[in-house]
Amino acid sequence: MAEAMRWRTVPTYQCPALPTCWGCLVRHQQPPANEQGGFLPLTSGSPKNEQKIDHDRRRGSGKQTWEEEQEEGEELAEDGRQAEPQSFLPERIGSATSVSSTVINNRLQELVKLFKERTEKVKEKLTDPDVTSDDESPTASPAKAVPAAAPVPPPAAEPEGDKPGGDEHYCEMLCCTFKYRPWLDRLKNYQFPSSIDPLTNLMYVLWLFFVVMAWNWNCWLIPVRWAFPYQTPGNIHFWLLVDYLCDLIYLLDILVFQTRLQFVQGGDIITDKKAMKENYLRSQRFKMDVVCLLPLDFFYFKVGVNPLLRFPRCLKYMAFFEFNNRLEAILSKAYIYRVIRTTAYLLYSLHVNSCLYYWASAYEGLGSTTWVYDGEGNSYIRCYYWAVKTLITIGGLPDPKTLFEIVFQLLNYFTGVFAFSVMIGQMRDVVGAATAGQTYYRSCMDSTIKYMNFYKIPKTVQNRVKTWYEYTWHSQGMLDESELLVQLPDKMRLDIAIDVNYNIVSKVALFQGCDRQMIFDMLKRLRSVVYLPNDYVCKKGEIGREMYIIQAGQVQVLGGPDGKTVLVTLKAGSVFGEISLLAAGGGNRRTANVVAHGFANLFILDKKDLNEILVHYPESQKLLRKKAKKMLQSNNKPKDEKGAPGDTLIIPPKADTPKLFQAALAATGRMGGKGPLAQLRWRLKELKAMQETQLDTKVG
């Protein structure tokens, strides 16, 4: 009985849950005996949950669950306490033998399979010397898997109609519910950065915009308020409110933003708070900012609200020029802003001149002479009109009468000629820089047309050349992309090439598994070429020295007896001609004609450039040769034109009979002999008749 109890507490071979599942004792195989002839010892340390999972997995679907078998096992345990274990002994011994034989058989099959795979790999090494390892290419170590988060228990069930969506936010007020946007929460939780990058931070550019607006308020309206009678005691509160709001923007710029600007020192980007603050305090800009905020407004109590006391606010010009540089760096068409800025310079010059003219008229007395402003109509518009005629030197102005008027007019003429010439020259430079690419395109096209006319090139060819120039310029904005990137360092050119071409090149089957750095080097060698409609990209039979990647447009592969049947149409992202880069021994000839269907923009990789790159990557070179050889063999498999490859003759065709042997057989037939030659002749006739019958049957 003690031996039986020991046997019942030992887990079986196929059911680790036997200590709590007596139902498995009857159905499952029993554990094999150990070397001493006893049962396997009890294994401790396995949790009950693992026993349950392994038990359910071995039991399979459609059977009893763990709880049901546990209850059944408890019932069997009550009945099995009086049973003798000898009744189960024969079944246990027989089942252990069958289990052992099954395990040994499975293990032998696995060993045979491994030996076959190893034999194939060794045979492949002997036939292909490029193969140096069992793996085609080294694979990156797998990233460490992130442990899955514990499942959150579902909350109490709610009616779907009463539960608001996850993206909706509500604000209750009285008896109504209003939605409010989530950006309010982000604004409340926003933290101001400890350091600001002045070159790339868009928030800083936005802040400079407000600073420049405050600077423009002072530059444009201080002369107007000083010369024209627009500032009155009735609206003085409005002017002062806006003035002090601009002063607040100046003060925040000094205390909050300028002390947090990063700077470069010795090649390092300094982000330390103390260092950034000291750098700003030592700069020239800090001195100008302090001068801008001189509190001359206290003189208002003595001389009244005089706008000229706010003239130092116009000295914050450094923020204006910094804003121009930052804005031009982020605009795609910066020349438009340059034109607007140059026009604003001219308008501001006229604005200041109109203010000076009204001041001179008021000094001489409005309407006192024919030269001064007579005081009729809108004073600012009338004076601005006079300033335009003076600076542009149109003429038709009344002659000055007094000495003051003559000196003022002379200074106005000299200043107008100088300022206007400077503005015109700057405008010419801005427009010339904006249209430099267009000018280069026109000069290239004119030179090419002149060359074709000199050599009397046919008009059809000239029209195609003109079409190529026009489409290339309008689609790319340039004629050669390499000329634009040649000034950049290799690292920046590589970054641009990766963003433009890597997604396409990485999908090429020939380059999958190669060194990543080799693909990066290859991206810098790609050339962009535009093909016109019906242009031959490559022709059948020619030597292939390039691989093509379709960037935009479509190409058609032509074949058939006439060479004009469209076999397939390749679209953007497709690749063709890659086998020709590595094929050797005459295997790099084109097998079909490829024609551009419409305008097609292709990337081209030369074989010479690829070979120069592969010198530094021998493992990738071996892998590419192996892939190219397999692709070439798969493309060159012979195809049976009369039937499928399985349609073979029952009696294969024999080789031609030698002429001397045929003469001997003919002589034997004429003599009517019955020797070995006669029998052989009869046998050959029979074989020939059988072959003809088989051929007739297949043709029919």
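Leu-240 touches Tyr-300 and Val-305, leaving aside residues up to four places away in sequence. Leu-240 itself lies in helix H8, and its C-alpha sits 9.1 Å from that of Val-305, although the two residues are 65 positions apart in sequence. Please keep in mind that this is a predicted model. With that said, here is a tour of the chain, topic by topic.

**The chain as a whole**

- The chain has 700 residues, and 31% of them count as buried.
- Its secondary structure comprises 24 helices and 10 strands.
- Among contacts with a separation of 6 or more, 68% are made by residues 24 or more positions apart.
- The accessible surface adds up to about 46300 Å², and carbon and sulfur atoms contribute 60% of it.

**Two annotated spans**

- The unreviewed UniProt entry gives the feature "transmembrane region" for residues 204-224 and 236-257.
- In the model, residues 204-224 are 100% helix and 0% strand, with 31 Å between the end C-alpha atoms.
- Residues 236-257 are likewise 100% helix and 0% strand, and their end C-alpha atoms lie 31 Å apart.
- Helix H8, the home of Leu-240, covers residues 236-257.

**Helix H10 and what covers it**

- Which residues of helix H10 are buried? In this helix, which runs over residues 284-292, they are Arg-285, Met-288, Asp-289 and Cys-292.
- These four cover an arc of only 100 degrees around the axis, so they are on the same side of H10.
- That fits a general rule: an α-helix has 3.6 residues a turn, so residues three or four places apart point the same way.
- The cover over the buried residues of H10 includes helix H7 (202-227) and helix H8 (236-257), along with helix H9 (273-281) and helix H12 (317-330).

**Salt bridges**

- The structure holds 22 salt bridges, and three of them are described here.
- As general background, side chains of opposite charge can pair when their charged atoms come close.
- Asp-495 and Lys-491 form a salt bridge, with 2.9 Å between the closest N and O atoms.
- Both belong to helix H19 (residues 490-505), where a spacing of 4 residues puts about one helical turn between Asp-495 and Lys-491.
- Asp-495 counts as partly exposed at 31% relative accessibility, whereas Lys-491 counts as exposed at 53%.
- Salt bridges with shared partners also link Arg-225, Asp-243, Asp-247, Asp-297, Arg-310 and Arg-313 into one network.
- Within helix H5, the side chains of Glu-110 and Arg-107 meet in a salt bridge at 3.2 Å, N to O.
- Glu-110 and Arg-107 are 3 residues apart in H5, about one turn of the helix.
- Glu-110 is partly exposed, with 45% relative accessibility, and Arg-107 is partly exposed at 45%.
- Arg-310 pairs with Asp-297 in a salt bridge whose closest N and O atoms are 3.5 Å apart.
- Arg-310 is in the loop between helix H11 (300-303) and H12, while Asp-297 is in the loop between H10 and H11, so this pair ties together parts 13 residues apart in sequence.
- Are Arg-310 and Asp-297 buried or exposed? Both Arg-310 and Asp-297 are buried.

**A nonpolar patch on the surface**

- Ile-104, Leu-108, Leu-111, Leu-114 and Phe-115 form a nonpolar surface patch, and together they have about 480 Å² of accessible area.
- Ile-104 is placed in helix H5, which spans residues 89-127.
- Helix H5 is also where the salt-bridge partners Glu-110 and Arg-107 lie.

**Positive phi outside glycine**

- Lys-456 is not a glycine, yet its phi is positive, at about 55 degrees.
- Where is Lys-456 found? Its place is the loop between helix H16 (436-454) and helix H17 (459-476).
- Lys-456 is exposed, having a relative accessible area of 74%.
- Asn-534 also has a positive phi, near 70 degrees, in a residue other than glycine.
- This residue, Asn-534, sits in the loop between strand E5 (527-531) and strand E6 (536-538).
- With a relative accessible area of 60%, Asn-534 is exposed.

Key
Residues are numbered from 1 along each chain as its sequence is written. This is a predicted model: local features need pLDDT of at least 70, side-chain atom pairs count only at pLDDT 80 or more; totals for chains, interfaces and linings use all residues. Side-chain values use heavy atoms; hydrogens and water are left out. Buried means under 20% relative accessible area, exposed over 50%, partly exposed in between (1.4 Å probe, protein chains only). Helices (H or I, at least four residues) and strands (E, at least two) are DSSP runs, numbered from the N terminus. The arc is that of the directions from the helix axis to the C-beta atoms. Contact means heavy atoms within 4.5 Å. Patches are made of residues with over 30% relative accessible area and no salt bridge: like charges are joined within 9 Å, nonpolar side chains (Val, Leu, Ile, Met, Phe, Trp, Tyr) within 5 Å. Accessible areas come from the Shrake-Rupley method with a 1.4 Å probe; for residues, only the protein chains shown count as cover. A salt bridge is a side-chain nitrogen of Lys or Arg within 4 Å of a carboxyl oxygen of Asp or Glu. UniProt positions are given in the numbering used here, feature names are shortened, and annotations may be inferred rather than shown by experiment.
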